[in-house]
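Visitor: I would like a close look at one part of this protein. Please take me through the enclosed space inside and then the charged residues worth a stop.

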Amino acid sequence: MKKKIFTLAITACMLAGCREHAEKIPSGKWNYKLIMNSTEIGTAAVSNSFSGGKYKITTEMKMNIGPVSNAMTQTVTETASFEPVSIEINNKITNNGNIQNIDTKAVFNSGTVEVTSAGVTATAQIEGGFHLDGNYILAEMIRHGFKPGKEISARIYDPSLEPEEAVEIKAVVLGEKDIEINGKKERLIHVGQSIEGFKNIDIYMDKNGIVKKAVIIMLNNRIEMIISE
């Protein structure tokens, strides 16, 4: 359950925008509904801001699956050149009235990360260059004008996936496609994204760079994130 929600948050952190096509990553906030296997299970809200030379991407999710509910807030902070600063994850899981709070914070100093979770702090050295799952991939798509066929690869660090190493993430612009969003068809840019060993995602964004829909196939489940009307 915890890993499923954290990996969903990775998709949400791509929500930002462009013009025709984008020149920069704008600030904003987007609200979504979450659907798993055709059943609505919760909501998400994602905000992206830039201040003091740093980007801050905050993802809030509320999910209910049977007797289990989860409220999660994740904040990713990175520099203007997409260098890692910190990740904070606050997770509250309720199961049949039993409450579990899981708080994790990762702070970066060059290739070293200090992770504090459940009151325990550990330090790891991450080999090779890496980013957080914030704005880097979107910025590269913007830089290349969302050119069909353009593939972008990066090593991404997330303590909920691998606390001591970065994982490979790939995104490719697949062209445009007609997609139904809240009962209306829209012509959207289709981006395919994969994270090694964890999930595959289809992302549909408009020409302003706003993600309207994301479809995640993970652990034999189909999870959809659809922008609210």
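Guide: Here is a short tour, starting with the cavity and moving on to two charged residues. Keep in mind that this is a predicted model.

Start with the enclosed space. The structure holds 1 cavity of 30 Å³ or more. The volume of the largest cavity is about 30 Å³. Which residues line the largest cavity? Its lining is made of Gln74, Val76, Ile87, Leu132, Asp133, Tyr157 and Asp158. Sorted by class, that lining has 4 nonpolar residues, 1 polar residue and 2 charged residues.

Now turn to Glu78. Glu78 sits in strand S4, which covers residues 68-79. Is Glu78 buried or exposed? Glu78 is buried, yet it has no salt bridge. Lys54 is the nearest side chain of opposite charge, and Lys54 is 12 Å away. A salt bridge would need a side-chain nitrogen of Lys or Arg within 4 Å of a carboxyl oxygen. What does the side chain of Glu78 reach? It reaches a backbone atom, the nitrogen of Asn135, at 2.9 Å.

The last stop is Lys177. Lys177 belongs to strand S10, residues 167-181. Lys177 has a relative accessible area of 37%, so it counts as partly exposed. Partly exposed covers the range between the buried limit of 20% and the exposed limit of 50%. Follow the chain from there to Arg187. Lys177 and Arg187 are 10 residues apart in sequence. In space, their C-alpha atoms are 5.6 Å apart.

Note on methods: Residues numbered from 1 in each chain as written. Predicted model: local features only at pLDDT ≥ 70, side-chain atom pairs only at ≥ 80, totals over all residues. Heavy atoms only, no water. 1 Å grid on protein atoms, 1.4 Å probe; cavity = no way out; pocket = protein on both sides within 12 Å on 5 of 7 lines; lining within 4 Å. Points joined across faces, edges and corners; volume = space filled by probe spheres on them. Nonpolar A, V, L, I, M, F, W, Y, C, P; charged D, E, K, R; others polar. Helix = DSSP H or I, 4+ residues; strand = E, 2+ residues; numbered from the N terminus. Buried < 20%, exposed > 50% of the residue type's maximum accessible area, 1.4 Å probe, protein only. Lys, Arg positive; Asp, Glu negative; His and termini not counted. Polar contact = N/O pair within 3.5 Å; in protein donor to acceptor, adjacent residues only side chain to side chain.
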